[in-house]
Amino acid sequence: MFTYNPKPQFLKNKIILVTGAGDGIGKAAALSYARFGATVILLGKTVKKLEAVYDQIIANGGADPAIVPLDLAGATPNHYAGLAGSIEQQFGKLDGLLHNASKLTDLGPFLLISQEDWQSVMQVNVTSQFNLTQALLPLLKKAKSSSLIFTTSSVGLKARAYWGAYAISKFAIQGMMEVLADEFENSGIKINCINPGATRTNMRAKAYPAEDNTLLLTPDDIMSYYLYLMDAENCTEHGITLHAQA
Ligand code: NDP
């Protein structure tokens, strides 16, 4: 297992936005970035969960985070423009963006995917990430060096039956990352994808309700990969997909 041991405050004065920061892998990433000094912008759907992460960061002695309650299913380009304006006003730049939030509907045959499920998965997993990236790239460009991380899945690299819209959305994310990485080659923005692999979260439990989840790695176990890709000054990767459990 890869272990990354950066300097204790390597993210000091860095502004990092994490989507889906209230639970699972996003929560662990937000706490890790804050532990290494970052000011974290916690974006998510359930305010109570975001507040709990906020409290934990403060209790750990971290920099004051910001909370952005936003349901990506209903957010419009105006919401993202407003968010970009607030970040610019408050911080003047953005050093990191982790696209982590995503939606998994019930697994099932392709022919039974409803219009509603298709639209909502594409909205949360693809369109919202397109809109958020378009809105925040100018701020990532303002940082001396910055990092843009997308989250994929094994079924977004080699699809499997019954994973339907979720798998297809992750292929789109891989494409988005590759388009951007090529456009922003040598720009100072490191752009990559991470595939966390089977990790003990609510989403995993939904997909595999019968498995013994004590056998799975926890979000904390895979944080070295999230720290490495966020370390824009030292990360040598650009345009790749890092497998956290390969
Ligand atoms: P969880 O379901 O545990 O957490 C997902 C987070 O995203 C939650 O905080 C959730 O908020 C938030 N979220 C979901 N929908 C929305 C929305 N519409 N608007 C805003 N926030 C939203 O998932 P994981 O931590 O397991 O997954 C994190 C990422 O890793 C995802 O992209 C997933 O596809 C990927 N992944 C996970 C694997 C695993 O084994 N766990 C394997 C491969 C990939 P709330 O709690 O408020 O609903």
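A polar contact is a pair of N or O atoms within 3.5 Å; within protein, one must be able to donate a hydrogen and the other to accept it, and residues adjacent in sequence count only if both atoms are side-chain atoms. This is a predicted model: local features need pLDDT of at least 70, side-chain atom pairs count only at pLDDT 80 or more, and totals for chains, interfaces and linings use all residues. Residues are numbered from 1 along each chain as its sequence is written, and side-chain values use heavy atoms, with hydrogens and water left out.

**View 1. The ligand is surrounded by 30 residues.** A residue is counted here if one of its heavy atoms lies within 4 Å of the ligand. Thr46, Lys49, Asn100, Tyr166 and Thr201 are the closest. Helices contribute to this shell (DSSP runs of H or I, at least four residues; strands are runs of E, at least two; both are numbered from the N terminus). Three helices each supply at least two shell residues: H1 (24–35), H5 (164–183) and H6 (202–207). H6 gives the largest share, with three residues.

**View 2. Asn100, Ser102 and Lys170 each place an atom by a ligand oxygen.** Asn100 uses its backbone: an N or O atom there lies 2.7 Å from an oxygen atom of the ligand. Ser102 uses its side chain, with a polar atom 2.8 Å from a ligand oxygen. Lys170 also brings a polar side-chain atom, at 2.9 Å from an oxygen of the ligand. Taken alone, the ligand exposes 900 Å², and the protein buries 91% of that area (Shrake-Rupley method, 1.4 Å probe).

**View 3. Lys49, a residue by the ligand, sits in helix H2.** The helix spans residues 47–59. Is Lys49 buried, partly exposed or exposed? Lys49 counts as partly exposed because its relative accessibility is 35% (buried is under 20%, exposed is over 50%, partly exposed is in between; 1.4 Å probe, protein chains only). Now look along the chain from Lys49 to Gly62. The two are 13 residues apart in sequence. In space, their C-alpha atoms are 17 Å apart.

**View 4. Leu148 in strand S5 is buried.** The strand covers residues 146–151. The relative accessible area of Leu148 is 0%, so this residue counts as buried. Which distance separates Leu148 from Leu97 in space? From C-alpha to C-alpha it is 5.0 Å. Along the sequence, Leu148 and Leu97 are 51 residues apart.

**View 5. Ser224 in helix H7 reaches the backbone of Tyr4.** H7 is made of residues 223–230. A polar side-chain atom of Ser224 lies 2.8 Å from the backbone nitrogen of Tyr4. Why is Ser224 called buried? Because its relative accessible area is 13%.

**View 6. Helix H4 carries both Phe130 and Leu137.** The helix runs over residues 115–142. Phe130 is partly exposed, at 40% relative accessibility. Leu137 is buried, with a relative accessible area of 10%. Each residue can be paired with another part of the chain. Phe130 and Pro77 are 53 residues apart in sequence, and their C-alpha atoms are 9.7 Å apart. Leu137 and Ile240 are 103 residues apart along the chain, with 19 Å between their C-alpha atoms.

**View 7. Asn13 has a positive phi.** The angle is near 70 degrees, in a residue other than glycine. Where does Asn13 lie? It is in the segment before strand S1, which covers 15–19. Asn13 is exposed because its relative accessible area is 56%.

**View 8. Asn186 has a positive phi too.** Here the angle is near 55 degrees, again in a residue other than glycine. Asn186 belongs to the loop between H5 and strand S6 (189–195). The residue counts as exposed, since its relative accessibility is 76%.
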